[in-house]
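Me: I am new to this structure. Please take me through it feature by feature, with the general idea before each case.

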Amino acid sequence: MASDNLPSEFDVVILGTGLTESIIASACSRVGQKVLHIDRRNYYSSKWAGFNFNSLLSWIEEYKSQQGSQSTEDEAEWRKTLEDGEEVLPLSADDSFITNLEVSCYASLEAEEEVKENEEATETLSPAAPSPTEPEEETKGKGEGESSPDVTQETTTSGETQHTQEDGGCGVQEEGASQDAGQSEEIEQKEQQEDTTAGPPSSAKEVKKKKITYADLVKEGRRFNIDLVSKLIYSRGSLVDLLIQSKVSRYTEFKIVTRILTYRQGRVEQVPCSRADVFASKQLTMVEKRMLMKFLTFCLDFEQHPEEYQEVSDQPFWEFLQTKKLTENLQHFVLHSIAMVTKETCTEDGLKATQHFLRCLGRYGNTPFLFPLYGLGEIPQCFCRMSAVFGGIYCLRHSVQCLVVDKETNGCKAVIDTQGQRISCSHFVVEDSFVRQRWKNTEEGHISRAVLITDRSVLPADSDQQISLLTAPPLEPGGPAVHVVELCSSSMTCMPGTFLVHLTCSSKGTAREDLESLIAQMFYVPPSPGEELAEGDERSGRPTVMWAMYFNMLDISRMDGSNGFDLPSNVHVCTGPDVNLGCDYSVKLAEKIFRQLLPEEEFCPPAPDPEDIIYEGVAPQGEGSGFEENPKTEGSPLQSEADGLENHPESEKEAAEVEAPIQETPKEALKEDASPSEE
Amino acid sequence: MSTEDYDYLFKIVLIGNAGVGKTCLVRRFTQGLFPPGQGATIGVDFMIKTVEIKGEKVKLQIWDTAGQERFRSITQSYYRSANALILTYDITCEDSFCCLPEWLREIEQYANNQVVTILVGNKIDLADKREVVRQRAEEFADTQSMLYLETSAKESDNVEKLFLDLACELIREAKQNTLDNSENSPMPGEGKSISYLSCCSLN
């Protein structure tokens with residue numbers, strides 16, 4: 001690996017590559033700070049990471065093997081570097097933030113015809129393959145109650161099943177590696193045919209469709225990008241603003257969420273939210289359409305009509321909706337799918353939430369949300385790239401074992417990395433999981449998550465390339481409201497012919513306890529891998545779950561900033577992600593921490609546009625990134641309205657500046673470049 | 001939207017060990033410069049050069065690693081949507097050649113299946129310090145079905161050729177793709193970048 005040693009002096013050392021840490025890294029590098037950004041893991045994005053299917057299986061294995069292992073470091077060498085008046089503050093060696101991890105496979109374990117016949121022969125293959133049925137229960141009791149033996153029917157499927165499964169997966173994996181991907185092309189083509197024959201999925205087509213087996217999932221594992229965190233991006237939220245303003249948006253592309261759905265009385269329904277939706281809706285009566293439009297129009301600028309709500313502004317929004325003469329149907333849509341609040345939320349907050357939703361509509365598409373191609377895990381990496389472009393030093397598989405604290409000032413002077421090297425810094429920014437033991441409060445929140453791979457959409461439509469947000473109100477009073485994001489293959493997060501479904505809610509119990517009953521209602525979960533439904537079963541229209549993962553994620557986002565931690569004042573803790581659908585919490589926290597670090601500096605000013613940096617001998621090109629694309633057809637880079645109108649400075653003018661050596665400090669370079677290009 | 005003054009836009013991404021001359025190759029090609037002893041490039045994200053091939057204007061967007069290769073920490077997102085990869089090693093540094101399989105693993109993991117990869121042995125001006133004989137590299141490239149080229153960013157040997165050859169290959173692929181669009185189009189969920197799609201639509 002790297003033979004190079006890390007430099008030993010930085011302005012800011014950042015541990016953890018989640019969204020908040022990465023934004024801070026890019027903001028600091030951008031204004032000329034020397035930044036060292038490291039992560040103990042061998043992948044980017046920390047809690048926000050996305051994995052392909054195979055990497056996810058290895059990650060799960062690693063997670064299991066890590067349980068209870070503690071690393072013991074030899075401290076002798078670096079101890080010598082300590083001076084008088086310095087003391088050492090160790091960081092947590094255990095940075096795990098996942099509990100109650102359970103994985104179950106329901107896809108057929110028959111790999112392919114040949115393999116099925118050869119089952120005996122494949123028996124000998126390496127047992128090192130991840131065993132997908134094995135449940136994982138964290139033993140470090142997090143107050144969720146002892147992980148009960150509810151290890152469920154499918155996870156306790158006899159050793160035999162599990163065995164075949166390993167073999168199946170393994171056999172095909174090897175085959176896939178040595179063979180040409182003939183089979184995959186086949187699937188693909190079928191998929192494309194389906195794409196082009198736009199029309200409601202007929203049962204005849206279903207029959208033609210090749211059944212996807214577990215082996216297929218493994219073989220096509222690269223096509224999955226499974227995020228640990230499931231969020232969407234509000235098109236007028238702080239993340240979009242930041243991406244555009246900082247120009248980090250140039251590193252990635254987005255898809256528009258195409259549908260807002262809800263689950264009501266045992267059925268999945270589409271929620272009409274834009275004006276066009278409302279009028280096109282077949283489920284609403286004319287009267288309802290008018291009522292809904294009238295109400296939504298009021299919400300858009302509700303502040304202008306205080307008489308309408310002021311008296312009841314702290315009463316529940318739910319009651320307010322009832323006074324607005326909305327039908328029950330509409331009340332449900334507004335409360336759960338548009339405002340996305342609970343029945344207890346007060347009217348003013350409910351109105352604000354509705355307004356925010358409505359304001360985000362139409363900026364990029366028919367729903368308020370965007371989703372990054374390849375998954376949310378890309379976003380922190382984009383900020384890391386920006387930081388690196390401005391001189392930030394990046395090192396994965398590298399961590400900090402302790403902080404060196406000045407006893408007198410109680411400030412952190414340096415960190416000792418996992419190689420025992422002392423690295424001085426003025427500020428240390430850290431992901432919350434590394435400093436959990438310094439947290440004063442003992443009460444921890446959790447997020448319950450489930451990830452499913454399914455074979456069809458919860459609401460099949462003309463095109464199967466839909467990205468949907470479904471909000472499911474609590475199934476029983478006091479239960480969690482769940483948000484469900486269903487991703488299609490063109491979002492680059494799952495293989496053709498499958499859907500990736502993320503479920504998220506605030507934990508009441510373990511993830512399985514919180515989400516299992518909703519999943520059982522909306523999907524068909526085969527009692528044993530590959531088992532098909534009998535003719536005429538009431539569940540026959542539902543998507544079949546092929547693979548499922550449950551886990552809880554630590555959420556101490558209520559403790560924003562460092563106040564809740566017993567740490568030196570120049571140590572800044574990045575808490576989160578929170579359970580909310582948007583990313584705003586993490587973006588705002590990053591800005592807040594940046595302001596503490598560098599109160600005088602601008603937060604993420606625009607990076608100079610490479611299009612403006614044109615060198616001698618090259619005729620100036622037309623402005624614009626050339627990425628502009630009709631948002632409806634494909635993933636599209638963000639482009640603010642302002643951006644579209646803006647004229648980039650003429651290139652000749654720029655050329656002289658760029659000729660100058662780039663060796664000057666980044667700070668100066670930035671000031672020169674950045675100011676003229678953005679207006 | 002402004003009308004763009006080019007027929008094709010391709011994203012080309014450089015990878016390879018630190019110090020093999022990736023940035024020098026890019027600057028030689030885009031600026032005609034060879035900055036000796038150049039440190040890390042700060043603030044420059046990618047460079048652009050428009051070339052003309054058989055009467056068609058091809059805009060090349062060339063991305064450098066931003067130093068993240070130094071500790072083997074390149075972000076996956078860097079590989080996404082690249083149309084071509086230039087995998088570079090230094091012919092005077094055995095080590096940089098031995099790391100190639102590691103780089104290929106990364107490519108396999110994160111890059112688009114249809115990415116065009118070219119292997120480049122740089123620094124041929126330092127012939128007397130050569131540690132990797134040409135034949136070895138050619139054989140290696142062959143086993144991985146990559147193109148192979150030796151260059152000198154310093155002497156400007158083969159640098160132009162490198163990028164022009166790539167551009168030709170990319171155009172050839174793009175045309176092929178438009179021709180038999182239905183049969184051979186990029187896999188859903190993994191397709192070419194938007195830039196690619198938009199340039200196709202111009203034809």
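Reply: Start with confidence, since this is a predicted model. In chain A, pLDDT stays under 50 over residues 640–679, and the model has 56 contacts there beyond four places in sequence.

Me: What should I do with coordinates where pLDDT is low?

Reply: Where pLDDT is low, the predicted coordinates should not be read in detail. Residues 614–636 of chain A also stay under 50, with 61 contacts beyond four places in sequence. As a whole, chain A averages a pLDDT of 78, and 72% of its residues score at least 70.

Me: Now the sheets. How do strands of a sheet pair?

Reply: Strands pair through backbone hydrogen bonds, either parallel or antiparallel. Chain A has an open sheet of five strands with parallel pairing, in the order β12-β2-β1-β16-β22.

Me: Which strands of chain A stand at the edges of that sheet?

Reply: They are β12 (393–395) and β22 (571–574) of chain A. Each has a single partner strand, so one side of each is left without a neighbour in the sheet. From one strand to the next, the twist averages 15 degrees.

Me: How many bridges join β16(A) to β22(A)?

Reply: Four bridges join strand β16 (residues 427–431) of chain A to β22(A), and the two run parallel. To find one of the pairings, look at V429(A): its bridge partner in β22(A) is H572(A).

Me: Which helix of chain A packs on this sheet?

Reply: Helix α1 (residues 19–30) of chain A does. The strands that α1 touches are β1 (12–15), β2 (35–38), β12, β16 and β22 of chain A. The direction of α1 makes about 160 degrees with that of β2(A).

Me: Next, hairpins. In which sense do β13(A) and β14(A) pair, parallel or antiparallel?

Reply: Strand β13 (residues 400–406) of chain A pairs with β14(A) in the antiparallel sense, over six bridges. One of the partners to find is I416(A) in β14(A), which is bridged to C402(A). The two strands form a hairpin with four residues between them. In the turn, N410(A) has a positive phi of about 55 degrees.

Me: What pairs with β14(A) in the next hairpin?

Reply: Strand β15 (residues 422–424) of chain A pairs with β14(A), antiparallel, over three bridges. I416(A) appears again here, and its bridge partner in β15(A) is R422(A). This hairpin also has four residues between the strands. Its G420(A) takes a positive phi near 85 degrees.

Me: Is β14(A) mostly covered or exposed?

Reply: Strand β14 (residues 411–417) of chain A is mostly covered, with six of its seven residues buried. As a general idea, side chains in a regular strand alternate between the two faces of the sheet.

Me: On to helices. How do I read the packing of α13(A) and α17(A)?

Reply: Look at the angle and at the distance between axes. Helix α13 (residues 286–300) and helix α17 (residues 347–360), both of chain A, pack at about 95 degrees, with axes 8 Å apart. Angles of 65 to 115 degrees count as roughly perpendicular, and α13(A) and α17(A) are therefore roughly perpendicular to each other. On the α13(A) side, the contact is made by L296(A), F298(A), C299(A) and L300(A). On the α17(A) side, the residues are L351(A), T354(A), Q355(A), L358(A) and R359(A). By class, this contact has six nonpolar, two polar and one charged.

Me: At what angle does α16(A) pack with α17(A)?

Reply: Helix α16 (residues 328–338) of chain A packs with α17(A) at about 80 degrees, with their axes 10 Å apart. These two are therefore roughly perpendicular to each other. V334(A), S337(A) and I338(A) of α16(A) meet A353(A), T354(A) and F357(A) of α17(A). The contact has four nonpolar and two polar residues, and no charged ones.

Me: What helices and strands does chain B have, and how many?

Reply: Chain B has seven helices and six strands. From the N terminus on, its elements run β-α-β-β-β-α-α-β-α-β-α-α-α. Of its 203 residues, 62% are buried.

Me: What is the strand order in the sheet of chain B?

Reply: The order is β2-β3-β1-β4-β5-β6 (chain B), in an open sheet of six strands with mixed pairing. At the edges stand β2 (46–53) and β6 (147–150) of chain B, each with a single partner strand. Inside the order, strand β1 (residues 8–15) and strand β4 (residues 84–90) of chain B pair in the parallel sense over four bridges. There, I12(B) stands opposite A84(B) in β4(B).

How values were computed:
Residues numbered from 1 in each chain as written. Chains lettered and ligands numbered in written order. Heavy atoms only, no water. Axes fitted to C-alpha atoms, helices over the stretch in contact; angles between N-to-C directions. Parallel < 35°, antiparallel > 145°, perpendicular 65-115°, else oblique. Contact = heavy atoms within 4.5 Å. Nonpolar A, V, L, I, M, F, W, Y, C, P; charged D, E, K, R; others polar. pLDDT = per-residue confidence, 0-100. Buried < 20%, exposed > 50% of the residue type's maximum accessible area, 1.4 Å probe, protein only. Pairing = 2+ DSSP bridges.
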